[in-house]
Amino acid sequence: MRFAKPFYHIFEFTKMKPINQILLNATLIFSAGIVYAAPLSVEDYCDPTTAAPAAVKDMTPLADGVSYAAISDDGNAIETFSYKTGKKTGELFSIAGVKGELKISDFEGYQISDNGRKILLWNNSQKIYRHSFTADYYVYDTMRSTLARVSGNGPQRAATMSHDGRLVAYVRDNNIYISNIDYQTDNAVTKDGEVNKIIYGIPDWSYEEEFGVLNTMCWSGDDSVLAFMRFDESHVPEYSFDNYRGYCDPNPTGDLYPEAYTYKYPLAGVPNSVVSVHAYHVDNRVTKKMDLPISESDYVPSIAFNGQGDRLMVMILNHDQNQLRLFNVNPGSTVGKQILTETSETWLSPSAYQMLDYGASDFVIGSERDGHRHLYLYDYNGTLKRRLTKGDFNVTAYYGRDSRIGTHYMQTTSLGAINRNIAAVDAKGGFRLLNKEEGTAAATFSKNFDYYLMSHSSATQVPQYRLYSVKSGKLADIELNQAYASKYADAPKMEFLKVKNDEGKEMNAFIIKPTGFSESKKYPLLMYQYNGPESQEVLNKWRMEGIFYIASQGYVVACVDGRGTGNRDTAWSRCVYKNLGDLETKDQLAGAKYFASLPYIDAARTACFGWSYGGYMTLMELGNPGCRFKAGVAMAAVTDWRFYDAIYTERFMLTPSQNSAGYDKSSALRYSPGVKGRLLIMSGTSDDNVHFYNTLKYASKFNSEGGIFDMMAYAGFEHSLRMCNARVQLFRKIVDFLDLNVK
């Protein structure tokens, strides 16, 4: 979904700290033994380096089941820690400890081989799209304490280490290579890869953005076969925009002419990449194409070897994204057997079918076939062994299984759609919660599932991290963010409630009241929204971001999750099928009507704001005849679904030729003549996701109609404005705009 990211995902940044040495980031004033929190600034709300609570670094569970690895505080080593105590027990790698001629001065990430003898390291990364990058990769031998380059012929992408650590597959210039670390050889697996034409081993832009795929290579269990995907994007139209260099660039005046940026971007209704699946046999260097019924318009959102490592599991999704087929393939004979089929009258959600785990004799997959997202256990012949979960809740993450006792671990909405709890299902189907507190909990388990680190927060409780034993309970408090909690003790907080739409259906909602709120005063109202299909804004977790800053400036901020949003039942989320923007707009306006009726709200001073899909919603609401907003702010908005990418748009709308009336009705451009309130529309000029063209097209139409509006362009910025201090400036601008036009 990659476009349908809720706003809190865009702005939810966490300052990662090592688990053994958490540094607190509160600013405190000490006087006569009393601690006072310093006044909060716009940076305290909007700057992720300031507003984020302390956390723990990414943990890599180790094979012994009792320890894990994490990067050291200074970033120069990989240290080991005990699950029982959280304390450091040793060191797997350090820059200072490297022997031999090859040295590195830093590293950005790592991967440990299954046998623990090799560590893949990388540095000098260069961003490509939202998540992808190239880098220089190295393999560290833990027995010899030496480093070896994966390749000296230029940066690599998506390096993938074999289970024994002897081989590393990677991509350069759209071709796959395999580096043999022991013999220092570097062999080409493919040779006809070409930028903007043929891609091997890595996804195209659409797969990365909408399926979350970063790497399409995987090793068989014995490392004798490398399976990979081929993308032919020759017939995908190119998209070009000028890349303007902004003044926060290191060399702001270095370019007299803007750089033309061109890449393959399939809009709704145009051809996507044609994909195929292949297997390279290391011993004889033979590549075979798998014999699978993949049409030119089908998608392959997942390939992986089964738990035994001898059969390739290939998922095929039809173009309309309402039929899924899973194949069990012999990479030697290339013959595949279809073992699972699932269909839907609307769409199949990646959040369900990508919840996938291949075990030794069976596999787990998510499905929403009964109206909620649940887990199902199948054998490799496609026979359903049992349903793992059931009930009026959704499974929101699958953590894995303890194969010794047959217990599965997951995250669910068992305590209501706005909460997340950790749960377990035993071999007999017994379901239990590992934590029963309301709020949002997430877990990272040890390899053997004896231990886990749980994070927990709520709208009023800052994130806390604790280590647990599955059998005996809590072992140690790792980080409670006490100083951070003191800093934000007086900041506006989120309160939850239910609001009915015009059809009498309850919507989950939150309200954030201003600092120093008084029932006797009248406040301006800002309705914040996202409301994209399957998204969720009303969630009981800690957030400290721009909308809280807006509340601190004297506004009541409110939000409703209307029809189309996720983690209720599919009847609620799927009713927007083929008609985006219609029911969502009605529900947002119904929510605004309710909040405007509250005694402390001035109904004459209301506005709306959204980012991405929420920006689209702002434009749809302002143009609706029933709109009473004085103003609206639309950031990075899609203005017509014909301008957005095929995988996301067609999942919910089908193609323009299949659903022309739906596209017409769902276009924000159609409603621009009805806009009466003041509009602030903003976008990054280098947004490769929601192109700046969306904003320019809307502005052009609004200009031609004689509309008066405000507009801001962020030169050289992408979709999320992650550069420089852009988010701080953005929310200062929003408050300034609201103060002038609403307050």
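Rings of Phe, Tyr and Trp (its six-membered ring) count as a pair if their centres lie within 6.5 Å, and the pair is stacked when the planes are under 30 degrees apart, edge-to-face when over 60, and tilted for the rest. With that in hand, here is a good place to start: the structure holds 54 aromatic pairs. One of them joins Trp347 and Tyr577, a tilted pair at 5.9 Å centre to centre with 45 degrees between the planes. This pair links distant parts of the chain, 230 residues apart: Trp347 is in the loop between strand S27 (336-343) and helix H5 (350-353), and Tyr577 is in the loop between helix H8 (570-574) and H9. Here helices (H or I, at least four residues) and strands (E, at least two) are DSSP runs, numbered from the N terminus.

A word on what you are looking at: this is a predicted model, in which local features need pLDDT of at least 70 and side-chain atom pairs count only at pLDDT 80 or more, while totals for chains, interfaces and linings use all residues. Residues are numbered from 1 along each chain as its sequence is written, and side-chain values use heavy atoms, with hydrogens and water left out.

Back to the rings. Both Trp347 and Tyr577 are buried, a word that stands for under 20% relative accessible area, with exposed meaning over 50% and partly exposed in between (1.4 Å probe, protein chains only). Ring pairs also link Trp347 and Tyr577 into a cluster with Tyr530, Tyr613, Tyr616, Trp641, Tyr644, Tyr648 and Phe652.

Some rings have a charge for company. A charge sits over a ring if NZ of Lys or CZ of Arg is within 6 Å of the ring centre and within 35 degrees of the ring normal. Arg568 lies over the face of Trp572, 3.7 Å from the ring centre, and the charged end of Arg369 sits over the ring of Tyr376, 4.0 Å from its centre.

Trp572 leads us to another residue, Gly562, in the loop between strand S43 (556-561) and H8. Gly562 counts as buried because its relative accessibility is 0%. Not counting residues up to four places away in sequence, Gly562 touches Met507, Asn531, Trp572, Asp587 and Gln588, where contact means heavy atoms within 4.5 Å.

Gln588 belongs to helix H9, and together with Glu584, Thr585 and Leu589 in H9 it meets Tyr613, Met617, Met620 and Glu621 in H10. The axes of H9 (residues 582-596) and H10 (residues 613-622) come within 10 Å and cross at roughly 75 degrees. That makes H9 roughly perpendicular to H10. Axes are lines fitted to C-alpha atoms, for helices over the stretch in contact, and angles run from 0 to 180 degrees between N-to-C directions; under 35 degrees is roughly parallel, over 145 roughly antiparallel, 65 to 115 roughly perpendicular and the rest oblique.

Our last stop is helix H11 (residues 646-653), where 8 of the 8 residues are buried, so the helix is largely enclosed by the rest of the structure. Among these buried residues are Tyr648 and Phe652, two members of the ring cluster. What do the buried residues of H11 pack against? Their partners are helix H4 (205-211), strand S24 (299-305), H5, H10 and helix H12 (660-666).
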